[in-house]
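Reader: I am in my first year and would like a close look at a single part of this structure. Please go through one sheet and what surrounds it, step by step.

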Amino acid sequence: MVAPLTNSKALQPDLFDNPRTTIKIQNNNDYHLGVRCKSRDDDMGFKILKKGEIYIWSFHANFWGTTLYFCKFSHGKIDKGTFTIFQAGRATAQCYNCTWIAEADGLRGFMPEPPILLFKWSK
């Protein structure tokens, strides 16, 4: 007996095979840094990070490979910029444990190491 292809386990993707991704954002500035991170489906809320504090969250990228997280950074009323923190496809191969460091000149990322300046603050 031959099973139909639609029932073939080999052709059906395993939705649980997608590794968990962890994002960490650390503030190394002498000022409090406001951070608001979002995807199309999730708003992680607004956080204020003191010097040395770390903001962490984890997720599984979606099956379609379209998961995208972006974060807006601020210092008081000064908008420091909005940057793509995770984009499936672009980052997935390099970043299951993504660490971002907020420094005086901008946002540094580990890909995987050493940290390099990937985004400059707008102000």
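Author: R36 has F46 as its bridge partner in strand 3. The model is a predicted one, and the pairs described here are read from its atoms. The R36 bridge belongs to a set of 5 bridges between strand 2 and strand 3, and these two strands run antiparallel. They are part of an open sheet of 4 strands, ordered 3-2-5-6, with antiparallel pairing. Strand 3 (43-49) and strand 6 are the edge strands, each with a single partner, so one side of each has no neighbour in the sheet. From one strand to the next, the twist averages 15°. In a regular strand, side chains alternate between the two faces of the sheet.

On the other side of the sheet order come strands 5 and 6. Strand 5 (residues 68-75) pairs with strand 6 (residues 78-87) in the antiparallel sense, over 8 bridges. One place to look is Y69, which stands opposite F86 in strand 6. The two strands form a hairpin with 2 residues between them. In that turn, G76 has a positive phi of about 60°.

Strands 2 and 5 also carry a disulfide. The count for the structure comes to 1 disulfide. C37 and C71 form the link, with their sulfur atoms 2.0 Å apart. A disulfide is a covalent bond between the sulfur atoms of two cysteines. The angle about the S-S bond is 110°, and the link of C37 and C71 is right-handed. C37 lies in strand 2 (residues 33-38) and C71 in strand 5, so the pair ties together parts that are 34 residues apart in sequence. Both C37 and C71 are buried.

Further along strand 5 is F73, and its ring leads to the aromatic pairs. The structure holds 10 of them. F73 and F83 form a tilted pair, with 6.0 Å from centre to centre and 35° between the planes. Since F73 lies in strand 5 and F83 in strand 6, the pair ties together parts that are 10 residues apart in sequence. F73 is buried, with a relative accessible area of 0%. F83 is buried too, with a relative accessible area of 10%. The ring of F73 also pairs with that of W121: the centres are 5.4 Å apart and the planes are at 55°, so this pair is tilted. Here distant parts of the chain are linked, as F73 is in strand 5 and W121 in the segment after strand 9, 48 residues apart. W121 is buried, as is F73. Another aromatic group is the cluster made of Y55, W57, F59, Y69 and F86. Two of its members, Y69 and F86, are the residues that stand opposite each other across strands 5 and 6.

K80 is another residue to find, and its place is in strand 6. K80 is buried, with a relative accessible area of 8%. The residues that K80 touches, leaving out those up to four places away in sequence, are Y31, F73, S74, H75, W121, S122 and K123. F73 and W121, the tilted pair with centres 5.4 Å apart, are both among these contacts of K80. K80 and S122 are 42 residues apart in sequence, while their C-alpha atoms are 5.1 Å apart in space.

The nonpolar core comes next. The largest one has 24 residues, and those with the most contacts inside it are I23, I25, V35, W57, F73 and L107. Strand 1, strand 2, strand 4, strand 5, strand 6 and strand 7 (97-102) each give two or more residues to this core. Among the residues that L107 touches are F73, F83, I85, W100 and W121.

Several of those strands belong to a second sheet. In that open sheet, 5 strands are ordered 4-1-7-8-9, with mixed pairing. Strand 4 (54-60) and strand 9 (115-120) stand at its edges with a single partner strand each, so one side of each is left without a neighbour in the sheet. Neighbouring strands in this sheet are turned against each other by 25° on average, direction ignored. Strand 1 (residues 20-27) and strand 4 run antiparallel and are joined by 7 bridges. I25 has Y55 in strand 4 as its bridge partner. I25 is among the core residues with the most contacts, and Y55 is a member of the aromatic cluster.

Technical notes. Residues are numbered from 1 along each chain as its sequence is written. This is a predicted model: local features need pLDDT of at least 70, side-chain atom pairs count only at pLDDT 80 or more; totals for chains, interfaces and linings use all residues. Side-chain values use heavy atoms; hydrogens and water are left out. Two strands pair if DSSP finds at least two bridges between them. Axes are lines fitted to C-alpha atoms, for helices over the stretch in contact, and angles run from 0 to 180 degrees between N-to-C directions. A disulfide is a pair of cysteine sulfur atoms within 2.5 Å. Buried means under 20% relative accessible area, exposed over 50%, partly exposed in between (1.4 Å probe, protein chains only). A nonpolar core is a set of buried Ala, Val, Leu, Ile, Met, Phe, Trp, Tyr and Cys residues joined through side-chain atoms within 4.5 Å. Contact means heavy atoms within 4.5 Å. Rings of Phe, Tyr and Trp (its six-membered ring) pair if their centres lie within 6.5 Å; planes under 30 degrees apart count as stacked, over 60 as edge-to-face and the rest as tilted.
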